[in-house]
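Q: Please take a close look at one part of this model. I would like its setting and its side-chain partners.

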Amino acid sequence: MPVKQRSPQNESLVDGFGRTVRYLRISVTDRCDFRCVYCMAEEMTFLPPAQLLTLEEIATLSQAFVELGVEKIRLTGGEPLVRQGVLQLAQKLGELEGLRELAMTTNGSGLVKHAEALRLGGLDRLNISLDSLKPERFKALTRTGDLSQVVAGIRAARRAGFQSIKLNAVLLKGRNDDEILDLVNFARDEEVDISFIEEMPLGAISEHNRGETFLSTDTVRETIEKHYQLLPTTETTLGPSRYYRMVDSQSRIGFISPHSHNFCAVCNRVRVTAEGRLLLCLGNEHSVDLRAVMRRYPGDIQRLKVHIVAAMMKKPERPHFTTDGEVQIVRFMNATGG
């Protein structure tokens, strides 16, 4: 597969704090076949189809961002593989001149069926959510998920030839924090990377108390270091993970720490929700309705780019997450884009 090249004509997106946006995360749907306890309520109301961006609108939006200097796009959800036509969308985005990397975050349930087509279609990286290796616990955390199906999906992705696969584990004190080493060893055995993520206070949930289940990634790292020496690196995938290597494995361990070690000073990301809201910060409601622009001026990519550039001045310096369990943002993560 040819190496994707950066287009020298691309402009840059710079916010009011001098940070350059190079990474776009686009939610293609708010729907998911799982109901993870930290992401959704058990009973959810989803957007009607007419409110979602069409696949053509997503492609136009992606082109506009790439022409403005974005180098990496990640397709998210909900679960992106439940959106009809997402394979064709990925193939179209993979052909964008100037896009260096196309990635997807998935719960893994659809990878046995779709991994090969995604790789052949131009997808470069996969992030796969995996919060437990115990089938009953996995079912409890996801409410509907089948662990064996996800593990099979991870292995299908490896067979399909993805060179970069990363597992994402959200750890909750008293729920799955006894599996830290099991998850590390699984990643080592499967020759994939893994990132441990602090839970973010998005959406009002009743299933657990976020203040009581919060687990700092410093604690996670200390647990791992009792068994494996972790060597810090400067490696980056343009995302928020801080990566470490182990001397006896190619698998990297990453930590995403929005509470204990926020990464706001070097934030290079914006998000677009499934309904076309440009979110300038995960932990704030600053946003611009790009769907309205595209539907009022269909096909006018230059006008769209003007609105995107102007929106950068609304990007706040940082979110204000706390660890006391209080909800700072009412929208759920599935509506935001994982």
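A: Here is a close look at Asp 33, followed by a shorter one at Arg 188.

The model is predicted: local features need pLDDT of at least 70, side-chain atom pairs count only at pLDDT 80 or more, and totals for chains, interfaces and linings use all residues. Residues are numbered from 1 along each chain as its sequence is written, and side-chain values use heavy atoms, leaving out hydrogens and water.

Asp 33 sits in the loop between strand 3 (23-27) and helix 1 (55-67). Helices (H or I, at least four residues) and strands (E, at least two) are DSSP runs, numbered from the N terminus. The relative accessible area of Asp 33 is 33%, so this residue is partly exposed. Buried means under 20%, exposed over 50%, partly exposed in between (1.4 Å probe, protein chains only).

Beyond its neighbours within four places in sequence, Asp 33 contacts Glu 79, Val 82, Asn 107, Ser 109 and Thr 144. Contact means heavy atoms within 4.5 Å. Two of these partners also make polar contacts with the Asp 33 side chain: the side chain of Asn 107 at 2.8 Å and that of Ser 109 at 2.6 Å. A polar contact is a pair of N or O atoms within 3.5 Å; within protein, one must be able to donate a hydrogen and the other to accept it, and residues adjacent in sequence count only if both atoms are side-chain atoms. Arg 143 lies 110 residues from Asp 33 in sequence, with 9.7 Å between their C-alpha atoms.

Arg 188 belongs to helix 6 (residues 180-190). Arg 188 counts as buried because its relative accessibility is 19%. Its side chain makes a polar contact of 3.5 Å with that of Tyr 228.
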